[in-house]
Structures are given as structure tokens and as C-alpha cells.
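Student: Could you take me through one part of this model closely, namely the sheet and what packs around it? I would like the cut-offs spelled out as we go.

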Amino acid sequence: MHLLHRTSTWRSLFADDLVPDAGRLPALLAPLDEAVERLGPTPGLAEAHAWQRHLVEALVRLDLPAWRIAQLISDHNDALYRRAIEMSLDAMQEQGWGAPPVAFCVMTLGSAARHESLLVPDQDNAMVIADYPDARHTEIDGYFQALGQRFTDRLDAAGIPLCPGHVMARWPMWRKRLSEWQAQLAIWTAERRVKRVQQATILLDASPVYGDAALATGLIDGVMRHVPEAGLFLDEMAALLNECPVALDRFGRLAGGGEGAPAESALDLKHRGLLLLIGAVRLLSVRHRVRAMATRERLSALVAAGTLEASHSAELRRALERLQVLLLTAQRDALRQGRIADGWIDLDALGEDRRLLLRHDLTVIRRLVKRVQSVE
């Protein structure tokens, strides 16, 4: 019932289970083999999630790029999702709930859907349920409410925290019949209202992780049908890119500190760099009906569509990769030092060359944001 990613040998690593088959790993991947041996053959959810730190260290030793490591972290989180859902379904069977009354699909959202998660993401998920008669709503939605609560609780206990913004299938807002999702999208995209635009934008990065993938495809089809035609909605998407501006001052210098900064030399690279790049590429992709989900794939598709020059796409891809390297390195350092891994980096820890590159990359992102905001 679960969905497989077999686009490369690496992407098949966690397609079938939380634990890779060590017997299939070649000798060249000894660091990964050592990490798998450390995990053991039958880990619980919490053990498997905590093991991701060792997985990342092994992948770094193998000299994998940060974007590929992010894919594999995301793939492993998908495996955690599948295990949590299967455990919840088994428990519900034992408690007399029976099998799911209709088809359903759980989707991951945001960085998980783009397969760009770094360490310690929280949960963002939704559920699409096959249409059923209104007369059965209490019975059927009650079943899926129970399932949504159970699997999100299991993931929370395993170390993937509940979403503080309540974007999870345990809540009715993010658990609907397919026809209800289509109606909801029509409402969300009809006006230029900040909250509605923020909610609908979440669905622009959605990927099936368990269940009937055709239901997720139906929802994504609806998103691609409604959003590109919603001019006011797209205008608000563009305006929202100004909420957290690029981390450069008016002279183009790196701008650290600010609200919530752990130190004066700290720079919020996630919100004032990476997410702005992702958001601008997302907006450009929606305008041009690009269905790719990952930012790297969107950049390639935008070149194929004639929207971006190949050289500009390559420059943006390099900026994306360098920002991912900086964030992953900062998160690894934080965890080794017993601190919380977050989206901040310490500018004082960067050499002059990396500071210059960062300044360049943020300048590139600022220009991209201005470009997508200037499109009428």
C-alpha cells in the first residue's frame, strides 16, 4: 500500500523499510553499513528517528551533497510515517475499528513533500478521503479522525513534533473528502486574503506518503486548476514574500541579529534566505503550471518551459545547494553541542570566503524575489 521512490539507487534506500538491507550495500559504503549496524534490525520509531543523526554523519563521510542528504532524510521520514500509520491501523483493528471504510491517502506537506527536509522538522501533513455519502459522515470521518490522531501522536512521541500551526490530518481543516478539498480550494483562491492564501499555498507542496495516490493526484490536479487562474491570490503570494525579507541590509551587507536571534552574529538563514528562494521558485512554477515539486526539479522545468535561462537556473541551484550546506552544517554542530538544531547560522563561524558567497547568494535571491513580484 505504501509508495516507492526508485528514481535512483540512493532513493530506494528507505523505500521498503526504516532499516536498509545491509547485505545490499557495497563495500564502498562502509560508513553507511556501520550506521545501519548501529541501528539494529528492529528499531522502534523513536530509535529510528534518533538514528538520523548517525545516518547524516555517515552520508557526510561518503561526501554526498547536502541536497541529496536532505532527500534521504525526507525518505527516512516517509518510512517513519508509513510505519506510524501501519501501527495505528493495526491497533485500530485490534480495538474493533475494522479496516478503513473507504480509500484514503495521507500526504506530507512543505519540505517533506519537496524531499528537502533537514534535521528536526516538525509535522506537516494532510489526508484526502474518497467521497462518500453525507449520511455516513459521522461514522467515516470518525474513523479517519482517530487514525489521524493516532499516527500524528506516534510521530510526535518518536521525535517528529506536532505542527504548532495545526497543519495535520488530525484536524478537520486538513482532513477532507476529495470533493470537499476541491470546494475548499475554490474558496481559498477566490480572494486576496492573507490567511486563505497561506493555507492554500501549503498545498502547493504536497506528496502522497501512504494510501491511494490517485486521491492525492486528484487534489494536486485541483490545485493546479485553481491557483494559476487566481490573479489576486498570486498577487498576495508575491506580496507575502516581503513578510521576512532577505537577510541583507540596504547596502547589500549580511544582516544578522534581530528578533529571536540566539546571538548578535546569528543570521536566520532558513526564513530570510532558503524559504524565500523556495517560495519565489514555487510562485514562478505555479504561474507557469509546472507540476514538479522539488525546488531543483522546478528550476529545471522552468528552463524547459522557457521561463528561466539555463544560466540563471544553474545560479539559483548553486545558491540553494550552498544554503542547504550551511544549514545542515549548523544543525549538525548544534546537535553535537547539545543545542537545538534550528534555522540560524553563526556568521562569526564562517570564513571570509563563505561570507562572500553567502552575500552573493542572498543577492541572487533578492533579485529573484523582485522579479517574481514584478510580473503582472
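Tutor: Happy to; we start with the sheet, move to the helices on it, and end with empty space and two loop residues. This is a predicted model, in which local features need pLDDT of at least 70 and side-chain atom pairs count only at pLDDT 80 or more, while totals for chains, interfaces and linings use all residues. Residues are numbered from 1 along each chain as its sequence is written, and side-chain values use heavy atoms, with hydrogens and water left out.

The sheet is open and has four strands, in the order E3-E2-E1-E4, with mixed pairing. Helices (H or I, at least four residues) and strands (E, at least two) are DSSP runs numbered from the N terminus, and two strands pair if DSSP finds at least two bridges between them. Strands E3 (175-177) and E4 (206-211) each have a single partner strand, so they stand at the edges with one side left without a neighbour in the sheet. On average, neighbouring strands are turned by 30 degrees against each other, direction ignored. Strand E2 (residues 125-129) runs parallel to E3, and three bridges join the two. Methionine 127 has arginine 175 of E3 as its bridge partner.

Now for the helices that lie on these strands. Helix H6 (residues 137-158) lies across E1 (104-109), E2 and E3, at about 155 degrees to E2. Such angles run from 0 to 180 degrees between N-to-C directions, with axes fitted to C-alpha atoms, for helices over the stretch in contact; contact means heavy atoms within 4.5 Å. Helix H7 (residues 178-188) lies across E2 and E3 and runs at about 105 degrees to E3.

H7 deserves a closer look. Its buried residues are Leu178, Trp181, Gln182, Gln184, Leu185 and Trp188; buried means under 20% relative accessible area, exposed over 50%, and partly exposed in between, with a 1.4 Å probe and protein chains only. Seen down the axis of H7, these residues fall within an arc of 165 degrees, so they line one face of the helix. The arc is taken from the directions from the helix axis to the C-beta atoms. Their cover includes E2, E3 and helices H8 (194-202), H9 (213-226) and H10 (231-240).

Next comes the empty space. On a 1 Å grid over the protein atoms alone, a cavity is a set of points where a 1.4 Å probe fits but cannot get out, a pocket is an open set with protein on both sides within 12 Å along at least five of seven lines, and lining residues have an atom within 4 Å of a point. The largest pocket has a volume of about 1700 Å³, a volume being the space filled by probe spheres set on the points, which are joined across faces, edges and corners. It is lined by 50 residues, with Asp124, Lys270, His271, Leu275 and Arg282 nearest its centre. Among the elements giving two or more residues to this lining are H8 and H10, while H11 gives the most, with nine residues.

Finally, two loop residues have unusual backbone angles to check. Most residues other than glycine have a negative phi. Valine 120, in the loop between H5 and E2, has a positive phi near 50 degrees. Histidine 166, in the loop between H6 and E3, has a positive phi near 65 degrees. Valine 120 is partly exposed at 39% relative accessibility, and histidine 166 is partly exposed at 45%.
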